[in-house]
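Reader: I have just started learning to read protein structures, and I would like to go through one with you. Could you put it up so that we can both look at it?

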Amino acid sequence: MIHEGQMRSALLYVVEAKRMKLAGIAAYKTIVMTILALVGVLIYKWNIVDDEMNRKLSELVLTVLTPVLLFTSFQKEFSSEMASGLLISTGLSALAFLIIWGISKLVINKKDKDYAALEHIAIMYSNCGFIGIPMAQGLFGSDGVFYMTAFVAMANFLLWSHGVIVMSGKSDLKSLIKVFTSPTILSIVTGIICFCMQIRIPKIIEEPMEMIASMNTPMAMIVAGINIAQVDLRKTFSRLRVYWMCVVRLLIMPFAVIGVLYFLSVPQEIKTIIVLASACPVGVTGSLFALRYGKDAGYASELFAMSTVVSIVTIPFLMVFC
């Protein structure tokens, strides 16, 4: 007869094994992503691509590849469980951003308003599109992308509303309208409608769309590598403030999210997806916004580059706690 203590020990062993397996998969996928990013670094160093081509490749990912991937992730059989999971992931995404916003308000130095605005946006909005979606796809397949869309949609909406207000110092109605007409949001909305109404696209169209979607991960990471190659890492490594921002973005924020989600009774896979999205490095949009609103774009690029490099270690480490 099996004692209760033995059953508990067996259960703990299974949980620990799953946890380490998830961390191992995350580490493996992170190494794969790093190799893809190194390809981007090399092709930029070898002058195969220049800044203008990188901008166009970035637009290709943001306006074509990622939207197609997001849309195809909704091309699945409707189930109340999946619909409920999507609603839960939306609610948890909002909660995660509230936690992240609170932490960023606490740690940002408010003496210099320009740098405060830049750091606030940089550490609040992670690279969940470029890195989070490929990682979710690698760890959980199409279901991971399905749940990650809630966080990505929330990030896009907040970035082009709250982010614009913080960086410009005033509300921008045009940018708010732009949120709802962006390819990312349109693909998510269209995908949800098709999912709920069970509208399936013909196989002859679905197959090329899936082929296009499969290009998202390698292209996104190559573009990330090109962006890293443009930064003087020696200068970046000498700035202590960059290290502190990386600690906040890559450890403090996701650990705070883990701490809050621990007490919520929701599916573990969805919790892990939200933690993964919260653990992603600084987004490249910080640099784009800095250029647009006359902030220090060089510093924003340093935050992006350093956090991306450090996340190679921190993301697998955080998966152990999921």
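Reader: Let me start with one residue: is Glu-119 buried or exposed?

Author: Before anything else, please keep in mind that this is a predicted model. In it, Glu-119 counts as buried, because its relative accessibility is 4% and the cut-off for buried is under 20%.

Reader: Okay, and which side chain does Glu-119 meet in a salt bridge?

Author: The partner is Arg-241, and the salt bridge between the two side chains has an N to O distance of 2.8 Å. The pair links distant parts of the chain, since Glu-119 sits in helix α4 (residues 113–124) while Arg-241 belongs to helix α12 (residues 240–261), 122 residues apart. Unlike the buried Glu-119, Arg-241 is partly exposed, with a relative accessible area of 29%.

Reader: How many salt bridges are there by this rule?

Author: The count comes to 5. One of them joins Asp-143 and Lys-76, whose closest N and O atoms are 2.6 Å apart. Asp-143 lies in helix α6 (residues 142–168) and Lys-76 in the loop between α2 and α3 (80–107), so this pair ties together parts that are 67 residues apart in sequence. Lys-76 counts as buried at 13% relative accessibility, whereas Asp-143 is partly exposed at 28%.

Reader: And which helix holds both Arg-55 and Glu-52?

Author: Both lie in helix α2 (residues 51–72), where they are 3 residues apart, about one turn of the helix. Their side chains meet in a salt bridge of 2.7 Å, taken from N to O. Arg-55 is partly exposed at 45% relative accessibility, and Glu-52 is partly exposed too, at 39%.

Reader: Changing topic, what does Cys-128 touch?

Author: Leaving aside residues up to four places away in sequence, Cys-128 touches Ile-133, Phe-151, Val-152, Ala-155, Ala-277 and Cys-280. Cys-128 itself lies in helix α5 (residues 128–140), and it is buried, with a relative accessible area of 5%. Its C-alpha atom is separated by 8.2 Å from that of Ala-155, although the two residues are 27 apart along the chain.

Reader: At what angle do the axes of α5 and α10 cross?

Author: They cross at roughly 145 degrees and come within 9 Å, α10 being the helix of residues 216–229. The crossing is left-handed. On the α5 side the contact is made by Phe-130, Ile-131, Ile-133, Pro-134 and Gln-137, and on the α10 side by Asn-216, Thr-217, Ala-220, Met-221 and Val-223.

Methods: Residues numbered from 1 in each chain as written. Predicted model: local features only at pLDDT ≥ 70, side-chain atom pairs only at ≥ 80, totals over all residues. Heavy atoms only, no water. Helix = DSSP H or I, 4+ residues; strand = E, 2+ residues; numbered from the N terminus. Buried < 20%, exposed > 50% of the residue type's maximum accessible area, 1.4 Å probe, protein only. Contact = heavy atoms within 4.5 Å. Axes fitted to C-alpha atoms, helices over the stretch in contact; angles between N-to-C directions. Left-handed = near helix turned anticlockwise from the far one by under 90°. Salt bridge = Lys/Arg side-chain N within 4 Å of Asp/Glu carboxyl O.
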